[in-house]
Amino acid sequence: MRVIIKQDAAQCAKWAADYVSYKIKRHHPTPNKPFVLGLPTGSTPLGMYQELIKQCASGKVSFEHVATFNMDEYIGLPPEHPQSYHYFMKENFFKHINIQTKNIHILNGMTRDYEKECTEYENAIKKLGGINLFIGGIGTDGHIAFNEPGSSLTSRTRIKTLRLDTIKSNARFFDNDITQVPRTALTVGIGTIMDAQEIMIIATGRNKAEAIKHGIEGALTHMWPISVLQMHQHGIILCDEEAASMLEADTIKYFKEIENRTD
Ligand code: PGA
């Protein structure tokens, strides 16, 4: 696992965007060989999206042959609902870059047949040859996508009931009214994320410090889903100093020293 510790959220955003651009360019994507990105919503990736929008506008990177798969979507929110992840992605990223609509994939939370929707999502990922780089945030409880503690570490795309803590945390996007937050969501599974060639998890802020500690120094356990990254051959945790603040001093020194020699 690579652990990259930057000073603050802005530096994480810049590093993440530069890395995504670099990976896209190195892939030399074409219509038949698109670069396939897994993408998160939430507040953490916003800075990275803004930076990528700038890089796209200046011609540093093109999304013309990039395909995307979002991690999750609430059940019951139509795409035009301001808190749906369809809306979030369109407003915060897709409408500002040169991505082709046909290459955008987001689970349909309005479907009546959840099982079919999830199976088709998994199949669509396979059809494009798998995900090249899956980017994610983490919850304070270590969840990745909507895979809450206790989720199977080999889970696939499916419907999940959200924990009260997650509902409370997400209420900030729903006028702080927890009754407005959907109770269920469709989400890629931990197994789906782990199948990606590479995974980059971004964490910023003091409230992510405990999850980062468990993910890097703790044992592999379904109670901290982030810890599954220890089983991936190409996992990156990108965090700021606040999110890294509960790590042992030696752990920080160790990973910083490696990065100083490789970056
Ligand atoms: P956040 O959410 O980026 O808004 O902190 C991350 C998550 O819950 O996965």
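Q: In which loop is the place of A145?
A: This is a predicted model, so everything here is read from computed atoms. Two strands frame the spot: β6 covers 133-136 and β7 covers 158-161. A145 has its place in the loop between β6 and β7.

Q: Does A145 count as buried or exposed?
A: Buried means under 20% relative accessible area. A145 comes in at 8% relative accessibility, so it counts as buried.

Q: Which residue in the loop between α1 and β2 has its place there with a phi near 50 degrees?
A: A145 has a phi near 50 degrees, a positive value in a residue other than glycine. Another residue with phi near 50 degrees sits in the loop between α1 (9-27) and β2 (35-39). With a relative accessible area of 58%, that residue is exposed. The residue is H28.

Q: Which residues have the most contacts inside the largest nonpolar core?
A: That core has 38 residues. Helices and strands that each supply at least two of its residues include β1 (2-6), α4 (114-127) and β10 (235-240). The residues with the most contacts inside the core are F134, I138, I144, I193, I199 and I212.

Q: What is I138 in contact with, leaving aside its neighbours within four places in sequence?
A: I138 is among the residues with the most contacts inside the largest nonpolar core. Two others from that group, I144 and I212, turn up among its partners. The full set is H143, I144, I201, I202, A203, K208, A211, I212 and I226.

Q: How many residues are in the other core, the one with A17 and F35 among them?
A: Start again from the largest nonpolar core, which has 38 residues. Apart from it lies another core, with I99 and I106 also among its members. That other core is of 32 residues.

Q: Why are α2 and α3 oblique to each other?
A: Helix α2 takes in residues 46-57 and helix α3 residues 85-92, and their axes are 10 Å apart. An angle under 35 degrees would count as roughly parallel, and 65 to 115 as roughly perpendicular. The two helices are therefore oblique to each other, as they pack at an angle of about 40 degrees.

Q: How many charged residues are in the contact of α2 with α3?
A: From α2, L46, Y49 and I53 meet F88, M89 and N92 in α3. These residues divide into five nonpolar and one polar, and the number of charged ones is none: no charged.

Q: What is the length of the polar contact that joins the side chains of T166 and E148?
A: T166 lies in helix α5 (residues 164-170), and at 4% relative accessibility it counts as buried. Leaving aside neighbours within four places in sequence, T166 is in contact with D141, H143, F146 and E148. With E148, the side chains are joined by a polar contact of 2.8 Å.

Q: Which backbone nitrogen does the side chain of E242 reach at 3.2 Å?
A: E242 has its place in the loop between β10 and α8 (249-262), and at 45% relative accessibility it counts as partly exposed. Not counting residues up to four places away in sequence, E242 touches G205, R206 and A209. The backbone nitrogen its side chain reaches at 3.2 Å belongs to R206.

Q: What separates the C-alpha atoms of K127 and M71?
A: K127 lies in helix α4 and is exposed, with a relative accessible area of 78%. K127 and M71 are 56 residues apart along the chain, and their C-alpha atoms are separated by 17 Å.

Conventions: Residues are numbered from 1 along each chain as its sequence is written. This is a predicted model: local features need pLDDT of at least 70, side-chain atom pairs count only at pLDDT 80 or more; totals for chains, interfaces and linings use all residues. Side-chain values use heavy atoms; hydrogens and water are left out. A nonpolar core is a set of buried Ala, Val, Leu, Ile, Met, Phe, Trp, Tyr and Cys residues joined through side-chain atoms within 4.5 Å. Buried means under 20% relative accessible area, exposed over 50%, partly exposed in between (1.4 Å probe, protein chains only). Helices (H or I, at least four residues) and strands (E, at least two) are DSSP runs, numbered from the N terminus. Contact means heavy atoms within 4.5 Å. Axes are lines fitted to C-alpha atoms, for helices over the stretch in contact, and angles run from 0 to 180 degrees between N-to-C directions. Angles under 35 degrees count as roughly parallel, over 145 as roughly antiparallel, 65 to 115 as roughly perpendicular and the rest as oblique. Ala, Val, Leu, Ile, Met, Phe, Trp, Tyr, Cys and Pro count as nonpolar, Asp, Glu, Lys and Arg as charged, and the others, Gly among them, as polar. A polar contact is a pair of N or O atoms within 3.5 Å; within protein, one must be able to donate a hydrogen and the other to accept it, and residues adjacent in sequence count only if both atoms are side-chain atoms.
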